[in-house]
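Please open the model in your viewer and keep the selection tool at hand. The stops below follow one another, each with something to select and something to look for.

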Amino acid sequence: DAMRTARASLIARPLRAKASIMGASASRSSPATRAFLDGAKIPGVSDGCKGAPIPEGLKGLPIVADESVMSQKAHGTSEHAVMKNLRYGSDRELADRICNFNRHYAEHAGYAWSTNWISEVKDKGEVTYYDSVTGAPLFIAPRGRTWAEFEKESRAHGWPSFRDAEMVQENVRCLRDGECVSTTGTHLGHNLPDRNGNRYCINLVSVAGNPEPER
């Protein structure tokens with residue numbers, strides 16, 4: 001009974017945090033919240049994945065950052081909650097949870113195809129994907145391939161999948177364990193290299209921002 005009560009308490013915590021996510025005071029996240037995100041089933045997200053470890057001394061991409069980029073800030077690992085004007089009909093509460101209070105979990109595989117993403121970007125040429133917290137450009141795609149090739153690869157894996165040529169190097173970093181983040185602390189996804197090079201497997205809700213955020 002005690003374990004059942006503790007489990008119920010864990011599940012309730014992020015729901016009670018919804019007011020903060022949706023624009024109330026952005027206080028520093030508690031250790032309990034971090035423990036929940038690191039070690040429990042989170043409603044609305046998948047179990048996530050592990051990126052490929054980056055060897056010491058690697059030259060070229062990805063650009064490696066140390067753990068300090070994901071240090072605790074005013075709102076989880078960021079200074080602000082995700083913006084109000086997210087693109088593609090993205091769920092703001094889900095976006096905030098994944099971007100700012102998470103190091104491992106992901107939106108469900110295929111989530112991007114349940115939004116307006118495809119209808120808004122298909123055959124529109126190079127599309128810029130902005131940080132859902134800050135509005136900084138993170139990826140520009142498709143670049144060096146066709147829309148069909150970009151969409152096919154992304155669909156095969158379940159998440160938008162970007163390549164080195166599509167990454168905005170000034171604003172994107174990877175940690176040694178393969179976690180892909182923004183330079184300001186937004187969790188983006190993971191780097192999962194294959195025979196064609198680095199493949200940045202990214203949550204749509206993390207790159208659904210606008211260049212001019214509404215708070």
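Begin by selecting C99, which counts as buried because its relative accessibility is 0%, and bear in mind throughout that this is a predicted model. Then add C201 to the selection: with a relative accessible area of 8%, this cysteine is buried too, because the cut-off for that class is under 20%. If you look for disulfides while the cysteines are displayed, a search of the whole structure finds 0 of them.

Now zoom out to the full chain, in which 6 helices and 9 strands can be coloured separately. Of its 215 residues, 50% count as buried, and the chain exposes about 10,100 Å², of which carbon and sulfur atoms supply 54%. Among contacts between residues at least 6 apart in sequence, 70% join residues at least 24 apart.

Next, select W117, Y129 and F139, the residues that touch the most other members of the largest nonpolar core, a set of 25 residues. To see which elements contribute two or more residues to this core, highlight α5 (117–121), β3 (127–130), β4 (137–141), α6 (147–157), β6 (172–174) and β9 (200–202). Staying with W117 and leaving aside residues up to four places away in sequence, display its contacts, which are Y88, A112, Y129, F150, S154, P160 and L204. A second core, separate from this one and made up of 10 residues, can be located by selecting V82, L94, Y111 and V205, which are among its members.

From there, move to strand β7, residues 179–182, and show its side chains. Are its two faces covered or open? Both are covered, with E179 and V181 buried on one side and C180 and S182 buried on the other.

Keep β7 in view and bring in its partners one after the other. Strand β6 runs antiparallel to β7 and is joined to it by 3 bridges; to find the register, select V172, which stands opposite S182. These two strands form a hairpin with 4 residues between them, where G178 takes a positive phi near 95 degrees.

Finally, select strand β8, residues 187–191, which is likewise antiparallel to β7 and joined to it by 3 bridges. Here C180, already seen as a buried residue of β7, has G189 as its bridge partner. The hairpin of β7 and β8 also has 4 residues between the strands, and in its turn you can pick out G185, whose positive phi is about 105 degrees.

Conventions
Residues are numbered from 1 along each chain as its sequence is written. This is a predicted model: local features need pLDDT of at least 70, side-chain atom pairs count only at pLDDT 80 or more; totals for chains, interfaces and linings use all residues. Side-chain values use heavy atoms; hydrogens and water are left out. A nonpolar core is a set of buried Ala, Val, Leu, Ile, Met, Phe, Trp, Tyr and Cys residues joined through side-chain atoms within 4.5 Å. Buried means under 20% relative accessible area, exposed over 50%, partly exposed in between (1.4 Å probe, protein chains only). Contact means heavy atoms within 4.5 Å. Two strands pair if DSSP finds at least two bridges between them. A disulfide is a pair of cysteine sulfur atoms within 2.5 Å. Accessible areas come from the Shrake-Rupley method with a 1.4 Å probe; for residues, only the protein chains shown count as cover.
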